[in-house]
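Take a walk through this model, one region at a time. Keep the sequence and the coordinates side by side.

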Amino acid sequence: LSTDATSTLAEGTTVETTELLTQSLSKLGDLAAMGLSKYTPPGIIEQILEAVHVYSGLPFWGTVVCTTLGLRLALFPLILSLRKNVIRFTKIQPEYEKAGNEMKLALKEGRKEDFFVVQKQMQDLLKENKCHPLKMLAMPFVQAPIMISFFIALRAISELPIHEVMTGGLAWFPNLCAAD
């Protein structure tokens, strides 16, 4: 047991209690037994981290790196598709903005028929180029919840006295539970 773990425990705690509190991640379900791994987005990330750690045998820093890379690779096709949409929309943006200004002018002048004609032209322009302006917002809305859940899961894991997390660091950060 490291001195860092014993210094953070309350006064009057015996060595036996300290050893019982410092748990290990040796099999699946250990995090659930410690009160984590619920069926929430951070809980699912905790389960993934636990599975990668148990099955790979990597130190915990390696588990975090591999899991992060795995999630990024799983999101890669979606991110690539959304980036292609941004590129296609960027190419037609001047024409799209010009049509938008014409549409506003027609609406302002009360020319409803012209307004609907220009609106149809804008829709056709988007269909021809296989892009949609709202898809540009999808990337942050997909990535943000996953990465925020990852952060919350890592914070919850670091708050528990887990041996692998307290000793599973690297170089200048040997204890992954310690604050910066």
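Helices here are DSSP runs of H or I with at least four residues, numbered from the N terminus. By that count, N85 is found in helix 5. Before looking at its surroundings, consider how far the model can be trusted.

This is a predicted model. The protein chain has an average pLDDT of 82. A score of at least 70 is reached by 87% of the residues. Where is confidence lowest, and where is it highest? The lowest mean, 42, belongs to helix 1, residues 3-7. The highest, 92, belongs to helix 5. Residues 1-21 stay under a pLDDT of 50 throughout. For that stretch the model has 11 contacts beyond four places in sequence.

Turn now to helix 5 and its neighbour. Helix 5 spans residues 60-109, and helix 6 spans residues 112-128. Their axes come within 8 Å. They cross at roughly 170°. Angles over 145 degrees count as roughly antiparallel, so helix 5 is roughly antiparallel to helix 6.

Which residues make the contact? Helix 5 contributes F89, I92, E95, Y96, A99, G100, E102, M103, A106 and L107. Helix 6 answers with D114, F115, V118, Q119, M122, L125 and L126. By class, the contact has 12 nonpolar residues, two polar and three charged.

Next, the charged pairs. How many salt bridges does a search of the whole structure find? The search finds three. One of them joins the side chains of E109 and R111, with N to O at 2.9 Å. R111 also meets D114 in a salt bridge, again with N to O at 2.9 Å. Recall that D114 is among the helix 6 residues in the contact with helix 5. Are these side chains buried or exposed? Neither label fits R111, because its relative accessibility of 32% counts as partly exposed. D114 is partly exposed as well, with a relative accessible area of 35%.

The remaining pair is D124 and K120, whose side chains meet with N to O at 3.3 Å. Both lie in helix 6, four residues apart, which means that about one helical turn separates them. D124 is partly exposed, at 28% relative accessible area. K120 is also partly exposed, at 43%. Shared partners link salt bridges elsewhere: E109, R111 and D114 form one network.

Return to N85 in helix 5. Is N85 buried or exposed? With a relative accessibility of 0%, N85 counts as buried. What does N85 touch, leaving aside residues up to four places away in sequence? Its partners are K130, C131, H132, K135 and M136.

One of those partners, K130, deserves a stop of its own. K130 sits in the loop between helix 6 and helix 7, the latter covering residues 138-158. The phi of K130 is near 50°. That is a positive value in a residue other than glycine. Most residues other than glycine have a negative phi. K130 is exposed, with a relative accessible area of 64%. The contact with N85 therefore pairs an exposed residue, K130, with a buried one, N85.

Technical notes:
Residues numbered from 1 in each chain as written. Predicted model: local features only at pLDDT ≥ 70, side-chain atom pairs only at ≥ 80, totals over all residues. Heavy atoms only, no water. Axes fitted to C-alpha atoms, helices over the stretch in contact; angles between N-to-C directions. Helix = DSSP H or I, 4+ residues; strand = E, 2+ residues; numbered from the N terminus. Parallel < 35°, antiparallel > 145°, perpendicular 65-115°, else oblique. Contact = heavy atoms within 4.5 Å. Nonpolar A, V, L, I, M, F, W, Y, C, P; charged D, E, K, R; others polar. Salt bridge = Lys/Arg side-chain N within 4 Å of Asp/Glu carboxyl O. Buried < 20%, exposed > 50% of the residue type's maximum accessible area, 1.4 Å probe, protein only. pLDDT = per-residue confidence, 0-100.
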